[in-house]
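User: Hi! I'm in my first year and would love a close look at one part of this structure. Could you walk me through the annotated binding sites, step by step?

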Amino acid sequence: MSLQMITVSNNTALIQPGFSLMNFDGQVFFFGQKGWPKRSCPTGVFHFDVKHNHLKLKPAVFSKDSCYLPPLRYPATCIFRGSLESEKHQYIIHGGKTPNNELSDKIYVMSVVGKNNKKVTFCCTEKDLVGDVPEARYGHSIDVVYSRGRSMGVLFGGRSYMPSAQRITEKWNSVADCPPHVFLVDFEFGCSTSYILPELQDGLSFHVSIARNDTIYILGGHSLANNIRPANLYSIKVDLPLGSPAVNCTVLPGGISVSSAILTQTNSDEFVIVGGYQLENQKRMVCNIVSFVDNKIEIREMETPDWTPDIKHSKIWFGSNMGNGNVFLGIPGDNKQASSEAFYFYMLKCAEDDVNEDQKTLTNSQTSTEDPGDSTPFEDSEEFCFSAEANSFDGDDEFDTYNEDDEEDESETGYWITCCATCDVDINTWVPFYSTELNKPAMIYCSHGDGHWVHAQCMDLAERTLIHLSEGSNKYYCNEHVKIARALQTPKRVLPLKKPPLKSLHKKGSGKIFTPAKKSFLRRLFD
């Protein structure tokens, strides 16, 4: 094992607590920034590029047929293949926290659809579930098992907010363990089934899970209700015949007491557990090797890396699995001096460089947790919260740097909509359509009913027309509602009555002379 320090740029922070890393063919990608994506990266997905011990984030893009992926923090992720022999893989993402600090219950599937020298294009699709749909949660695990030529997702553990009836103002963000149910999820048909196993009595969060063929191994974890980290080791075996699945749980000896550890795979039969916590506010400095011989699991301690004094003395540490036996670690910087870095970063290599990762065995662990300010003790912040300074992009990319002051809640703004049946705006790009807009397509407000936002691009509005309509208080109606507006025309204008000209009070040649009283009467008559 070797430990190397990693340097980052000094731009505004992009990486925030609860991020996730995905490895596609040796390339590592990051998503889960805190806050809605901005001009720095419209999708919130970055190429996590580490070269010569220096970290750079390069924006990635989504294909036009992708759904929008929120910057979820603390989700459960895993690798999914069509079969054990398949080389191509996708990532399954479930749950996590949204920038509004709410919890998600959605499942997303991430896959690579295009590559070039500078950017990778992803396709993200949302998977709808029916049946026993797992409640929104975070700090849980999702894995894929393979049995009899079939595959199935296995979801377990996590935390969720208290029931709405109990969420009072003082305890609005209070969380509780999810019931210890095991969910089987069919990704092909979108079916979910819940199983209650007698061996699983208490809810667990931020545990380590390893999927191997038809079995899931659950190690460690933290029980919020009991405030303990039991030395758990469970094996959950899933049999997938043509009929109903069979799920069995076995309690195995030799477990370890740890939460929020990072799991990385070094070869097809061997894993390494790094970091985590063994007690509240006490890091677990021991590393373990998890090996499989003849379908039997064995856990033993291994020689620890030469931890630096900063790592040894820090109260918290955080990080994530980069794949290929590499782990990205971070610790808080020394804030006693104004010039000190906010965080220091390291990369721990648990395998030799020439060892290729065999993805037939799939791994998953919960490596991110609460923001330090979101909870009182370190109990929640122990789940590997991660932060970093943003790094510079390549000069050729010409992306604006991220500014945390620009953050705002854009979950309800009109940009994230399909404004009409023929809407052709790609919600995954932030390229302005008009020069009047800085960071998103130009929009205008339709006054029909309660009103709604529409894209000027979809309404075929010229930029000068948009500027004219925006400057005044005139009502605008989109193409769909303009016919309704025309039907509500005002009545035809009635021309005012013309006043007859004032006749001469004295007609020439008539010889008729009007008295003053007669003149006054005539004036009133004609006026």
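Analyst: Here is a tour of two annotated sites, residue by residue. Please keep in mind that this is a predicted model.

Let's start with the record. In an unreviewed entry, UniProt lists Cys 446, His 452, Cys 478 and His 481 under "binding site". These positions are spread over 36 residues of sequence, yet they cluster in space, with a largest C-alpha distance of 10.9 Å.

Now zoom in on Cys 478. You will find Cys 478 in the loop between α3, residues 463-471, and α4, residues 482-487. Is Cys 478 buried or exposed? Its relative accessibility is 2%, so Cys 478 counts as buried. Setting aside residues up to four places away in sequence, Cys 478 touches Cys 446, His 452, Val 454 and Met 459. Two of these names, Cys 446 and His 452, also appear in the UniProt list.

His 481 sits in the loop between α3 and α4 as well. With a relative accessible area of 12%, His 481 is buried; the cut-off for that word is under 20%. Again leaving out residues up to four places away in sequence, His 481 touches Cys 446, His 448 and His 452. With His 452 there is also a polar contact: the side chains of His 481 and His 452 are joined at 3.3 Å.

Next comes the other site. UniProt, again in an unreviewed entry, lists Cys 419, Cys 423, His 455 and Cys 458 as "binding site". Here the positions span 40 residues of sequence but cluster in space, and the largest C-alpha distance is 8.0 Å.

Within this group, Cys 423 lies in the loop between α2, residues 378-381, and β32, residues 443-446. Apart from neighbours within four places in sequence, Cys 423 is in contact with Ile 417, Thr 418, His 455 and Cys 458. His 455, one of those partners, belongs to strand β33, which covers residues 452-455. His 455 is buried, with a relative accessible area of 0%.

With several cysteines in view, you may wonder about disulfides. A disulfide is a covalent bond between the sulfur atoms of two cysteines. How many disulfides does the structure hold? The count is 0. Cys 423 shows this nicely: its nearest cysteine sulfur, that of Cys 458, is 3.7 Å away, and Cys 423 is in no disulfide. The reason is the cut-off, because a disulfide needs the two sulfur atoms within 2.5 Å.

Methods: Residues are numbered from 1 along each chain as its sequence is written. This is a predicted model: local features need pLDDT of at least 70, side-chain atom pairs count only at pLDDT 80 or more; totals for chains, interfaces and linings use all residues. Side-chain values use heavy atoms; hydrogens and water are left out. UniProt positions are given in the numbering used here, feature names are shortened, and annotations may be inferred rather than shown by experiment. Helices (H or I, at least four residues) and strands (E, at least two) are DSSP runs, numbered from the N terminus. Buried means under 20% relative accessible area, exposed over 50%, partly exposed in between (1.4 Å probe, protein chains only). Contact means heavy atoms within 4.5 Å. A polar contact is a pair of N or O atoms within 3.5 Å; within protein, one must be able to donate a hydrogen and the other to accept it, and residues adjacent in sequence count only if both atoms are side-chain atoms.
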